[in-house]
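Reader: Hello! I am new to this structure and would love a close look at one part of it. Could you walk me through the place where the two protein chains meet?

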Protein chains: 2
Amino acid sequence: MPSPSRSLLLDTLAPDARASLRAQEEEHRLSDVLIKADERSESIFFPHNGALVSIIRSTESGSMVEVGVIGGEGIFNVHTLLTDSPPTGSESLVQGEGRFSRVKASRIKEVFRGNEPFRDLVLEYTSIFLDQVTQNAVCNRLHPIEQRLAKWTLIVRERVGSDDLQLTHDFLSHMLGVHRPGVSIAVNALAQDDVIESRRNHIIVRDLEGLRARACECHAPINDRLNAFTAKLKKRAVSGG
Amino acid sequence: MPSPSRSLLLDTLAPDARASLRAQEEEHRLSDVLIKADERSESIFFPHNGALVSIIRSTESGSMVEVGVIGGEGIFNVHTLLTDSPPTGSESLVQGEGRFSRVKASRIKEVFRGNEPFRDLVLEYTSIFLDQVTQNAVCNRLHPIEQRLAKWTLIVRERVGSDDLQLTHDFLSHMLGVHRPGVSIAVNALAQDDVIESRRNHIIVRDLEGLRARACECHAPINDRLNAFTAKLKKRAVSGG
DNA sequence: TCAGGTCGGTACGACATCGTACAAAGTGCC
DNA sequence: GGCACTTTGTACGATGTCGTACCGACCTGA
């Protein structure tokens, strides 16, 4: 039987390969920073199912914008896996409570080199993540706050597996790269129509279809591809652990 | 002696490996479309040095935004190389005259699988490209037109190896994802101070340092990483061809 | 030299978002 | 209960960009 709440990606590995990684299990909380901007990290993270990492990048002036999210289907810090060159400014926040497997780059690189099916999965995920960032680049340019808020909420809700998202408007303003009052207005517009419920420190999804209708077109392609990959990983999950 | 004007990436391959790709040489012109949005393509493209591809994504409403550029140091359509899943909406325009090597996915996949040094280079480039798109996602959200125009001009100038860029304001407005008059205003602001010269169908860089000073911070990290990779490829270039 | 098309400069009201400020509401602690 | 702090609601002028329109400049070919 597969151990519960594991990284979907790691769960596709045979027990001996998984053991060879000597993964360290960690618990993180909202707003924990896994890797700081411009910091070289030899750790690769595998969020467990339900955990979520926000990949954000900040500017000299201190603003920050989320460029993508990584959940249980993914791997964080592919950079170190793909290249030896130094990092270039992406930071990563944990969003919401969650468990993670932390693996040393040197160990995962060995598996990556020698295990072709695993490598293919990592590369497929990399392509999906690139696609997500691409979509966000367009979305950031063209779509208004309210639509982006709806999109963001849908994607995060699906990753964490709960309708109740614990976060503040201030946090959201950093994710969306807008000022805080703008978030409050957008949140209230959605709450007005009972699409979401707005509470202190919480946004609760009340009407999934309504939320989809208020989100921009960017939501579907991202979510669909992530979900398809998640399903694929679940099918390939290896028993034991 | 290496053949002139080849893809820097392909030039790192030994002659027999390169021959096995059966690359087709093609010439393309400004605004040619290499791969349409949502179209599955079994072709992988290697721009020759001086050629440039714009990766753009468009929305339902018809707007489009460039999310990154690929020059002689890169490979275009990594998607097909990394995954078998269907594509998701990125289109690609050629920017300026240029030659390309077109390779069938099946052939390049073989080399990708069997040739680890080559695979490492492709993956390193993928990481660089992801980084570029990431930076653009932030830039699109936070930086004003004029700064983004300056950044764009610097990056493209470096890739095509010429101070004279042939393009219209209308084309630029699509790349930057803004309306056309906005481009004209930004162009004139730069031309006012003799940073660039603005002619019909041309933008000519006149003051490189001045242009850098007017560009947003996003320019340097992207350009530096691309240049470093270009230099690395040139060192590894294999003679003959 | 003229006609038709493309490209660029400019204007102006509309609108989204910014920047900032401040008050109200909720929460935790003494 | 009362106090300090965080979070949220709201206001308002400033600003950047949009959407649209129009005209003049330039280019090409007849």
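Reader: To start us off, how many residues of chain A are in contact with residues of chain B?

Author: Happy to help! Please keep in mind that this is a predicted model. On chain A, 31 residues are in contact with chain B, and they meet 31 residues there. Four elements of chain A each give two or more residues to this side: β5 (64-70), α2 (78-82), α4 (116-142) and α9 (219-236). If you want one element to follow by eye, pick α4(A), which gives the most to the side touching chain B, with 14 residues. By character, the residues on that side of chain A divide into 10 nonpolar, 14 polar and 7 charged.

Now look at how the two chains are arranged. Chain A can be superposed on chain B by a rotation of 180 degrees with 0.0 Å of shift along its axis, and the RMSD is 0.0 Å. The two copies are therefore related as by a two-fold rotation axis. To find that axis from chain A, go to A137(A): its C-alpha is the nearest to the axis in that chain, at 1.9 Å. Both copies use the same surface, as 100% of the contact residues of chain A recur in chain B.

Both chains also appear beside the DNA. Among the 18 residues around DNA strand D, the nearest are T168(A), H169(A) and P181(A) from chain A, along with P144(B) and V178(B) from chain B. Two or more residues of the surface near this strand come from each of α6 (169-176) and α7 (180-192) of chain A, and from α7 (180-192) of chain B. Here α7(A) gives the most, with 5 residues.

Definitions and conventions. Residues numbered from 1 in each chain as written. Chains lettered and ligands numbered in written order. Predicted model: local features only at pLDDT ≥ 70, side-chain atom pairs only at ≥ 80, totals over all residues. Near = placed C-beta within 6 Å. Contact = placed C-beta atoms within 7 Å. Nonpolar A, V, L, I, M, F, W, Y, C, P; charged D, E, K, R; others polar. Least-squares fit on C-alpha atoms with pLDDT ≥ 70 in both.
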